[in-house]
Amino acid sequence: MFPISVKTLMVGTAVICLSAAFARESKADVAACPSPIPLGLTTALTGNLALLGTQARNGAEFAVDEINANGGIAGKKLALTTEDTGASSTDALNAMNRILEGKPLVILSSMISPHVFAQTESVTKSETPFLVGATNAKVTAQGSKWLFRTHVHDGQLADLIPEYLVTSLHKTKPGIMVVADDYGLGASKGIQAALTKLKVAPVAITSYAPSDKDMSAQLLEIKDKGADSVILFGRPADVTLVMKQMGDLGIKLVVIGNTSIVAQTTLNNLSATEADGNYAIGGMIPQTSTDPKILDWAKRVQDKYKVPADNFTVSYYDTVYMLKGIIEKAGCDKPAIRDALAATKDWKGMLISYQADANGDLAHTLGIYRNKGKTPELLGPIKESGF
């Protein structure tokens, strides 16, 4: 399924490499780092994907500011350069080329999969550690030994959402509704495959264009074919429209999907009735935590940026702190940083622990959520099989 020749060998040898790298662990390694230590980030800050990109940028930037306020890494500050990708893959590649001109030590990129697909070859040629949140399962199957992902992906969701719907919620007549782009259509295929394994056939398979504002035809098709539930995969803006239109059409079905359903930006635009009872599985969000420290962190992020922290904010925040720990041990040698990422095991982030698999995926724990009115509740964590 995956091109294991590169990553598996890398993981297999990573412990040996790490032994060598960490044997050199010393303040001298960090002392050899440039000052400031340059990091690059490309993400969507304008266009119809700007909200998602901004939330990721906020997480990375918040971590950098905290680290610098606490003395940096062995006294050296981090310098984060951010380039706006807009919404197109061409612009994403151009943004990456501008970042590469600055010769950053590590590059972070978007959660938008087509952008990462467009950028991977250039970053791989530069031999720079490349960390992304892009959710298409195939992102880490491109054969780049420099690419890692610190967010859960839609392959994991495609397995776990049907399983929870059928085995826990006992729904066996789902209709599928996804945004018709690389993200949603990839998820739809995985969901259909997972339902087949569960011996369940969807009563309707529908999609809508990312720019669509009226999804009533798709919703009525799902209703008219006798669905008992809707599997919904989209982004907060369009998921909000779907859920509002379900209410307008009087369609009362169990809805389950990705974390756009419980995202604060979605809930802010729904009534309690429209939001109530809908389920999501996905990356961990801070608002459902009962830990006062995490709730305080979420409040400080909201106060600073006037945008609620989401699962991507958490992921990119964790990513920067993970890099801090690696640089403290491995210094600023790019291959050593890459090898340390490949050998990551049980690194404790804000809400989950990270562990690298053979493909470079580090996130394997997801949350099951249910909206109580406009408040998402964490029903419990769920892990990818094998973790």
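Let's start at the beginning of the chain: over residues 1-26, pLDDT stays under 50, where pLDDT is the predictor's confidence in each residue, from 0 to 100. For that stretch the model has 42 contacts beyond four places in sequence, a contact being heavy atoms within 4.5 Å. Where pLDDT is low, the predicted coordinates should not be read in detail. Over the chain, though, pLDDT averages 91, and 93% of the residues score at least 70.

A quick word on ground rules. This is a predicted model, in which local features need pLDDT of at least 70 and side-chain atom pairs count only at pLDDT 80 or more, while totals for chains, interfaces and linings use all residues. Residues are numbered from 1 along each chain as its sequence is written, and side-chain values use heavy atoms, with hydrogens and water left out.

Now for the inside. The largest nonpolar core has 101 residues; a core here is a set of buried Ala, Val, Leu, Ile, Met, Phe, Trp, Tyr and Cys residues joined through side-chain atoms within 4.5 Å. Buried means under 20% relative accessible area, exposed means over 50%, and partly exposed is in between, using a 1.4 Å probe and protein chains only. Met177, Leu232, Ile256, Ile281 and Trp297 have the most contacts inside this core. Helix α13, residues 311-330, gives the most to it, with ten residues. (Helices, H or I with at least four residues, and strands, E with at least two, are DSSP runs numbered from the N terminus.) Take Ile256 as a place to stand and look around: setting aside neighbours within four places in sequence, its contacts include Ile161, Tyr164, Leu165, Val230, Leu232, Tyr279 and Ile281. There is also a second, separate core of eleven residues, with Met96, Phe130, Ala134 and Leu147 among them.

Next come the empty spaces. On a 1 Å grid over the protein atoms alone, a cavity is a set of points where a 1.4 Å probe fits but cannot get out, and a pocket is an open set with protein on both sides within 12 Å along at least five of seven lines; lining residues have an atom within 4 Å of a point. Grid points are joined across faces, edges and corners, and a volume is the space filled by probe spheres set on the points.

A search of the whole structure turns up three cavities of 30 Å³ or more. The largest cavity has a volume of about 240 Å³. Of its 22 lining residues, Tyr183, Asn258, Thr259, Ser260 and Phe312 lie nearest its centre. Two elements, α6 (154-167) and α13, give two or more residues to that lining. By class, the lining has nine nonpolar, ten polar and three charged residues; Ala, Val, Leu, Ile, Met, Phe, Trp, Tyr, Cys and Pro count as nonpolar, Asp, Glu, Lys and Arg as charged, and the others, Gly among them, as polar.

Helix α13 turns up again at the second largest cavity, where it gives the most to the lining, with four residues. This cavity has a volume of about 90 Å³. It is lined by 14 residues, and Gly283, Met284, Asn311, Ile352 and Tyr354 are the closest to its centre.

As for open spaces, the second largest pocket holds about 400 Å³. Its lining has 22 residues, with Asn48, Leu49, Pro210, Arg235 and Asp238 closest to the centre. Helix α9 gives the most to this lining, with four residues, and the lining is made up of eleven nonpolar, five polar and six charged residues.

Finally, a few local details in the backbone. Most residues other than glycine have a negative phi, and most peptide bonds are trans. The bond from Ser35 to Pro36 is cis, with omega near -5 degrees, and Pro36 sits in the loop between α2 (27-31) and β1 (37-43). Ala74 has a positive phi, near 50 degrees, in the loop between α3 and β2 (78-84). Because its relative accessibility is 47%, Ala74 counts as partly exposed. Lys103 also has a positive phi, of about 50 degrees, and its place is the loop between α4 (89-101) and β3 (106-108). With a relative accessible area of 65%, Lys103 is exposed.
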